[in-house]
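Let's take a walk through this fold, one piece at a time. Have the sequence and the coordinates open, and follow along.

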Amino acid sequence: MCKAAHEAGGPQRCSGDARASFQRSTADVSALQRVEEALRIEADETLFEPLTSTPGHTLQVLKTKWYGVRTFGAHCTGCDGFVTPQGGFTSPADAREWAQAYAESGCQPNPAALVGIGPKEAYSSMSLAEADQMNKERAAGVHKPRVIPRRYRGLQTWMVFCPGCDASLGPEGGYGQAGAALQHANAGCSVS
């Protein structure tokens, strides 16, 4: 057990096993928090409620596909088409934010109002602790599939990577939603 210099019986250093276990736990918590935030956003049903702009213009977030990846787009009935950028967004919250900007402006938003809509912190890359832990697992041949954020054709997607196999599992572009990637990761790889 670790003890500080001012504690009885101290100073006493932690064993290497405890430090290694702590590093693994820190990496796992970081990865799970990132996926948890994405799952919370994906489960928010209010993101799919219609918005009314001007008469005849109703905007709604719809599920779409872009190169095989599940995405979300904002569709306007009055404009008779999708108003989101080509490919849409992998987060329904981003598509909802875009739709809101259109609805509030009568389907004629100022381009400055659309700046900054897109992936937020929930889609950040992995932490240094996660990367270090994954490299250790790769070197040790540990088959523990992980959900990792990545970019594919301009979209933020989720990839399942098995360090033991040293390979990406699943479709080429990854998954548009963290939930689908997490299901695949929980199913394991062909070896585990």
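Which residue in β6 is the bridge partner of V147? Turn to the strands late in the chain to find out, and keep in mind that this is a predicted model. Strand β5 covers residues 146-152, and strand β6 covers residues 155-162; the two run antiparallel and are joined by 7 bridges. Within that ladder, V147 is partnered with V160 of β6. Strand β5 is mostly covered, with 5 of its 7 residues buried. V147 also turns up in a nonpolar core, which we'll get to once the other half of the story is in place.

Now step back for the overall layout. The protein has 5 helices and 7 strands. Reading from the N terminus, the elements come in the order α-β-β-β-β-α-α-α-β-β-β-α. With a radius of gyration of 22 Å, against the 16 Å that the globule rule gives for 192 residues, the protein is more spread out than a compact globule. Along the principal axes, its C-alpha atoms fill a box of roughly 75 × 45 × 25 Å. As for burial, 40% of the 192 residues count as buried. The exposed surface comes to about 10500 Å², and 53% of that is supplied by carbon and sulfur atoms. If you look at contacts between residues at least 6 apart in sequence, 44% of them join residues at least 24 apart.

Next, the sheet built from the earlier strands. It's an open sheet of 4 strands in the order β1-β2-β3-β4, with antiparallel pairing. β1 and β4 (81-82) are the edge strands, each pairing on one side only.

Start at the β1 edge. Strand β1 (residues 51-52) pairs with β2 (residues 58-66) in the antiparallel sense, over 2 bridges. Here T52 stands opposite T58 of β2. The two strands form a hairpin with 5 residues between them, and G56 in that turn has a positive phi of about 90°.

Move one strand over and there is a longer run of bridges to trace: β2 and β3 (residues 69-76) pair antiparallel over 8 bridges. One facing pair is K63 with F72, the latter in β3. This hairpin has 2 residues between its strands, and Y67 takes a positive phi near 50°. To reach the other edge, follow β3 to β4, which pair antiparallel over 2 bridges. H75 has F82 in β4 as its bridge partner.

So what lies across β1, β2 and β3? That's helix α2 (residues 92-104), which runs at about 145° to β2. A95 is a handy residue for seeing how the helix meets the sheet, since it sits in α2. At a relative accessible area of 0%, A95 is buried, because anything under 20% counts as buried. Leaving aside its neighbours within four places in sequence, A95 is in contact with V61, F72, G73, A74 and F89. F72 is the residue we just saw facing K63.

That brings us to the packing. In soluble globular proteins, nonpolar side chains tend to be buried together. Here the largest nonpolar core has 20 residues, and those with the most contacts inside it are L59, V83, W98, Y102, L114 and I117. β2, β3 and α2 each supply at least two residues of this core. The largest share, 6 residues, comes from α2. Try clicking on I117: neighbours within four places in sequence aside, it is in contact with F89, D94, E97, W98 and A101.

There is also a second, separate core, this one of 12 residues, and V35, V147, C162 and Y175 are among them. So V147, where we began, is both the bridge partner of V160 and a member of this second core.

One last stop is helix α4 (residues 128-140), where you'll find A131. A131 has 25% relative accessibility, so it counts as partly exposed. A131 and A27 are 104 residues apart along the chain, yet their C-alpha atoms are separated by 8.0 Å.

Methods
Residues numbered from 1 in each chain as written. Predicted model: local features only at pLDDT ≥ 70, side-chain atom pairs only at ≥ 80, totals over all residues. Heavy atoms only, no water. Pairing = 2+ DSSP bridges. Contact = heavy atoms within 4.5 Å. Axes fitted to C-alpha atoms, helices over the stretch in contact; angles between N-to-C directions. Core = buried A, V, L, I, M, F, W, Y, C linked by side-chain atoms within 4.5 Å. Buried < 20%, exposed > 50% of the residue type's maximum accessible area, 1.4 Å probe, protein only. Rg over C-alpha atoms; globule rule 2.2 N^0.38 Å. Areas by Shrake-Rupley, 256 points an atom, 1.4 Å probe, with all protein chains shown as cover.
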